[in-house]
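The following exchange asks what lies behind the terms used for a predicted model, setting values against cut-offs where a conclusion needs them.

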Amino acid sequence: MGLTSNKVLALAIVLAVALFVATVWLWPRLARQSWRSVSGRVGLLLATQLALFASLGIGANQAFGFYAGWADLFGRETEQGIVVDHSSGGGSGGPLQVLSTSPVPGVTGSGPRTAGQIQQVDIVGRGSRIASPAYVYLPPSTSSRGTARARSRPRSC
């Protein structure tokens with residue numbers, strides 16, 4: 001059972017509901033003033049809260065994809081990640097399409113190597129296929145592809 005499977009989410013939800021029901025059912029029995037009753041109440045409350053937050057975390061991970069698996073969650077992932085090239089391919093059908101490139105308005109400079117540039121892009125949803133426009137500022141060093149400094153700089157949208 002992987003971290004993103006529906007079985008793990010269902011198991012976490014069932015466990016949270018079962019602990020809540022057990023807390024309500026056992027609460028009158030644990031209403032005494034002895035140290036065992038108090039520790040039992042505290043233990044039930046902590047277990048219920050832990051199960052509830054675990055099910056919420058697993059649900060959020062399924063929806064947004066924070067961690068791919070158990071090894072990724074616990075920091076034991078040793079494989080390299082997958083890099084996807086989102087360069088402008090002229091309608092390649094990818095999720096990011098560059099529509100136009102323009103100089104930075106109000107900045108004096110001779111071109112993208114000194115002033116940077118602005119790209120208008122469309123970000124297309126994979127499931128919905130809805131395109132959302134965005135503007136991306138590229139600093140001056142991103143247009144000088146020949147230098148080692150420009151190749152090592154991370155870029156994001």
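Q: What makes β2 and β3 a hairpin, and which residue in the turn has a positive phi?
A: In this predicted model, β2 and β3 form a hairpin with 6 residues between them, and arginine 129 in the turn has a positive phi of about 65°.

Q: How do you know that β2 and β3 pair?
A: Two strands pair if at least two bridges are found between them; β2 and β3 have 8 bridges in the antiparallel sense, so the pairing criterion is met. One of the residue pairs joins valine 124 to its bridge partner in β3, alanine 131.

Q: How do you know that β1 pairs with β2?
A: The cut-off is again at least two bridges, and β1 and β2 (residues 117-124) pair in the antiparallel sense over 7 bridges, so they count as paired. Within this pair of strands, valine 98 stands opposite valine 121 in β2.

Q: Why are β1 and β3 said to stand at the edges?
A: The open sheet of 3 strands has the order β1-β2-β3, with antiparallel pairing. β1 (96-103) and β3 (131-138) each have a single partner strand, so one side of each is left without a neighbour in the sheet. Neighbouring strands of this sheet are turned by 25° against each other on average, direction ignored.

Q: Why does phenylalanine 74 count as buried or exposed?
A: Exposed means over 50% relative accessible area, and phenylalanine 74 has 59% relative accessibility, so it counts as exposed. Phenylalanine 74 lies in the loop between α3 (70-73) and β1, and belongs to a nonpolar surface patch with Phe64, Phe66, Tyr67, Trp70 and Leu73, with about 690 Å² of accessible area together.

Key:
Residues are numbered from 1 along each chain as its sequence is written. This is a predicted model: local features need pLDDT of at least 70, side-chain atom pairs count only at pLDDT 80 or more; totals for chains, interfaces and linings use all residues. Side-chain values use heavy atoms; hydrogens and water are left out. Helices (H or I, at least four residues) and strands (E, at least two) are DSSP runs, numbered from the N terminus. Axes are lines fitted to C-alpha atoms, for helices over the stretch in contact, and angles run from 0 to 180 degrees between N-to-C directions. Patches are made of residues with over 30% relative accessible area and no salt bridge: like charges are joined within 9 Å, nonpolar side chains (Val, Leu, Ile, Met, Phe, Trp, Tyr) within 5 Å. Accessible areas come from the Shrake-Rupley method with a 1.4 Å probe; for residues, only the protein chains shown count as cover. A salt bridge is a side-chain nitrogen of Lys or Arg within 4 Å of a carboxyl oxygen of Asp or Glu. Buried means under 20% relative accessible area, exposed over 50%, partly exposed in between (1.4 Å probe, protein chains only).
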